[in-house]
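Visitor: I would like a close look at one part of this protein, the place where its helices pack together. Please take me through that part and then set it beside the rest of the chain.

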Amino acid sequence: MSGPEPEGAADGWPVALRGVTESVVTTLGPNDRWNVAALGLRAPEEPGDVVTATTWGNTRTRRNFHRRGGGVVQFVSDPREFVSAAMTVREEDDPVLDAAHAWVEVEARRVDGGERGGTRWEQWELRPAESRVVSETVPLINRGFAAVIDATVAASRLDVPAYDTDELLSRLEYFADTVERCGGPAEKEAFETIDAVSGWRDRP
């Protein structure tokens, strides 16, 4: 059941998006389980524009968008939930995560596609259907959390030929130091998952 939209929210969305907002999306796979992944949402630039997202490579999200035509976008504040979605293969029985502060069921329509740096990309328009705000939180600014988000991006690009590995490793060292100095227990635990999954610290 949808509630009143917050000021500045795009039509049908439970939160006001700006720039590229990082979210978690669940999509129903061929095994009837919900795949959990990270998804960047690009906010509309003009009134009436539609929220868009881009998938990179042959991901489960891309395949499930094609199969099912949509999924459930969710907004979380726990860095461990985001890293789990971004860097591991995770499936759930239910589409909405316990950690979601808000969620919105979306229809996904492919509107563009191409190749960049040897990686196939597809752009999707996301049109909201049902949405709900589950809980409201007081916003906090934590540099450790921001570093975790950026680290997932750097780690995911380590084996992409278009990106310089040494530069990515340098970024990861910086993000790791930021988390150690500025993050709390949740951010540090999330970064341990990044370490374990990517193995970046063991690279020469």
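Guide: What follows starts with one pair of helices and works outward to the strands and loops. The model is predicted.

Start with helix H2, residues 79-87, and helix H3, residues 143-156, whose axes come within 10 Å and cross at roughly 5°. Angles under 35 degrees count as roughly parallel, so H2 is roughly parallel to H3. On the H2 side the contact is made by Pro 79, Phe 82, Val 83, Ala 86 and Met 87. On the H3 side it is made by Phe 145, Val 148, Ile 149, Thr 152 and Ala 155. Sorted by class, the contact has nine nonpolar residues, one polar residue and no charged residues.

H3 has 14 residues, which at 1.5 Å a residue should span 20 Å, and its end C-alpha atoms are indeed 20 Å apart. The buried residues of H3 are Gly 144, Ala 147, Val 148, Ile 149, Ala 151, Thr 152, Ala 154 and Ala 155. Among them, Val 148, Ile 149, Thr 152 and Ala 155 also take part in the contact with H2. H2 is one of several partners, however: the buried residues of H3 pack against strand S1 (20-28), H2, H4 and H5.

Helix H5, residues 185-198, gives a similar picture. Its 14 residues should span 20 Å at 1.5 Å a residue, and its end C-alpha atoms are 20 Å apart, which agrees. Its buried residues are Ala 186, Glu 187, Ala 190, Phe 191, Ile 194, Asp 195 and Ser 198. These pack against H2, H3 and helix H4 (165-182). Just after H5, Gly 199 takes a positive phi of about 65°.

H4 can be followed through two of its residues. Val 179 lies in H4 and counts as buried, because its relative accessibility is 2%, under the 20% cut-off. Outside its neighbours within four places in sequence, Val 179 is in contact with Gly 144, Ala 147, Val 148, Glu 187, Lys 188 and Phe 191. Of these partners, Gly 144, Ala 147 and Val 148 are among the buried residues of H3, while Glu 187 and Phe 191 are among the buried residues of H5. The C-alpha atom of Val 179 is also 8.8 Å from that of Ala 146, although the two residues are 33 apart along the chain. Glu 167 is found in H4 as well, but it is partly exposed, with a relative accessible area of 42%. Its C-alpha atom is 9.2 Å from that of Ala 154, a residue 13 places away in sequence.

Now set this beside the record. UniProt places the feature "domain: DUF447", from an unreviewed entry, at residues 21-133 and 142-194. Residues 142-194 are 79% helix and 0% strand, with end C-alpha atoms 18 Å apart. Residues 21-133 are 16% helix and 55% strand, and there the end C-alpha atoms are 16 Å apart.

Two buried residues give a view of the strands. Asn 35 lies in strand S2 and is buried at 6% relative accessibility. Leaving out neighbours within four places in sequence, its contacts are Val 25, Thr 26, Thr 27, Arg 60, Thr 61, Asn 64, Arg 90 and Glu 91. Thr 52 lies in strand S3, residues 51-56, and at 14% relative accessibility it too counts as buried. With the same neighbours left aside, Thr 52 touches Gly 40, Leu 41, Arg 42, Gln 123, Trp 124 and Glu 125.

Two exposed residues complete the tour. Asp 32 sits in the loop between S1 and strand S2 (34-42) and is exposed at 55% relative accessibility. Its phi is near 60°, a positive value in a residue other than glycine. Asp 11 is in the segment before S1 and is exposed, with a relative accessible area of 67%. The C-alpha atoms of Asp 11 and Gly 48 are separated by 8.2 Å, with their positions 37 residues apart along the chain.

Methods. Residues numbered from 1 in each chain as written. Predicted model: local features only at pLDDT ≥ 70, side-chain atom pairs only at ≥ 80, totals over all residues. Heavy atoms only, no water. Axes fitted to C-alpha atoms, helices over the stretch in contact; angles between N-to-C directions. Helix = DSSP H or I, 4+ residues; strand = E, 2+ residues; numbered from the N terminus. Parallel < 35°, antiparallel > 145°, perpendicular 65-115°, else oblique. Contact = heavy atoms within 4.5 Å. Nonpolar A, V, L, I, M, F, W, Y, C, P; charged D, E, K, R; others polar. UniProt positions renumbered as here; feature names shortened; annotations may be inferred. Buried < 20%, exposed > 50% of the residue type's maximum accessible area, 1.4 Å probe, protein only. Expected span 1.5 Å × (residues − 1).
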